[in-house]
Amino acid sequence: MEEPVLFMLLLGCRPKGRHTEQHDIFFGIGKDIKDLIPEIKKSWPEAAGEIHIDAWRRVECVDGYSITVQQRTIATAVPSPPKENELFFINLGGYKENEFEEFHYKILVVADTIDAAKKKAKQTAFFKHTSLGNTPNTRKAVSHIDDKYGIDVDDIDAVKDMLPPTVKSLYSIHISASSSCIPDAIRLGYFRLKDL
């Protein structure tokens with residue numbers, strides 16, 4: 001019997017009144033990606049059911065750590081004390097000269113604190129190569145952790161806090177060091193929910 005796993009999805013849609021496709025990140029837990037469809041639809045009501053998936057992955061290996069999901073029992077229904085390591089989602093934003101765009105790079109990081117997660121994010125090639133500084137055509141066009149300018153605690157989310165409430169009550173995420181975990185495959189393309 002297949003065990004439930006953590007999924008990370010890049011959702012896309014063009015809500016009524018918008019001129020470009022909008023995107024959001026969704027985390028869910030299930031045995032198959034199809035199990036997530038009801039929660040996906042509930043997560044973005046403005047999409048009126050017109051959501052698609054542009055990228056997804058089963059989150060099983062991050063930074064040399066194995067990521068597993070365990071079902072909560074009555075004994076574990078109360079959240080356990082914080083573990084030494086946490087799985088963080090970070091949305092980096094940056095700019096390139098003469099490009100009419102704010103580019104984004106979404107990463108998962110295992111770290112014991114938010115500050116340690118920020119430090120890892122600042123080491124990525126994206127962070128280092130999408131800062132322009134102040135020039136005649138740019139103003140504060142520096143790499144940053146979105147959704148605010150600069151590095152701020154509110155810009156990084158623990159993945160467990162991003163799960164839908166019903167999922168949080170049923171499952172917990174476990175992180176353990178692993179020398180043998182294989183980096184997650186990232187699936188890219190246009191996936192309609194009805195075709196999953």
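This is a short talk on one sheet, two nonpolar cores and a buried glutamate in a predicted model.

I'll start with the sheet. Four strands form an open sheet in the order β2-β1-β3-β13, and the pairing is antiparallel. The edge positions belong to β2, residues 22-30, and β13, residues 187-192; each has a single partner strand, so one side of each has no neighbour in the sheet. From one strand to the next, the twist averages 30°.

On the β13 side, the partner is β3, residues 52-59, and four bridges join the antiparallel pair. Within β13, arginine 192 is the residue opposite histidine 52.

Now the cores. The largest nonpolar core has 20 residues, and those touching the most other members are Leu6, Phe27, Val59, Ile67, Leu87, Leu108 and Val159. Two or more residues come from each of β1, β2, β3, β5, β6, β7 and β12. In general, nonpolar side chains in soluble globular proteins tend to be buried together.

Take isoleucine 67 as an example. Leaving out neighbours within four places in sequence, its contacts include Leu6, Val59 and Leu87, along with Cys61, Val62, Val110, Ile173 and Ile175. Glu60 and His174 are also in contact with isoleucine 67. There is also a second, separate core of 16 residues, with Leu9, Ile37, Trp44 and Ala47 among them.

Last, glutamate 86, which is in strand β6. Is this glutamate 86 buried or exposed? Its relative accessible area is 17%, and buried means under 20%, so glutamate 86 counts as buried. Beyond four places in sequence, glutamate 86 touches Val109, Val110, Ala111, Ala158, Lys160 and Ile175.

Terms used. Residues are numbered from 1 along each chain as its sequence is written. This is a predicted model: local features need pLDDT of at least 70, side-chain atom pairs count only at pLDDT 80 or more; totals for chains, interfaces and linings use all residues. Side-chain values use heavy atoms; hydrogens and water are left out. Two strands pair if DSSP finds at least two bridges between them. Axes are lines fitted to C-alpha atoms, for helices over the stretch in contact, and angles run from 0 to 180 degrees between N-to-C directions. A nonpolar core is a set of buried Ala, Val, Leu, Ile, Met, Phe, Trp, Tyr and Cys residues joined through side-chain atoms within 4.5 Å. Buried means under 20% relative accessible area, exposed over 50%, partly exposed in between (1.4 Å probe, protein chains only). Contact means heavy atoms within 4.5 Å.
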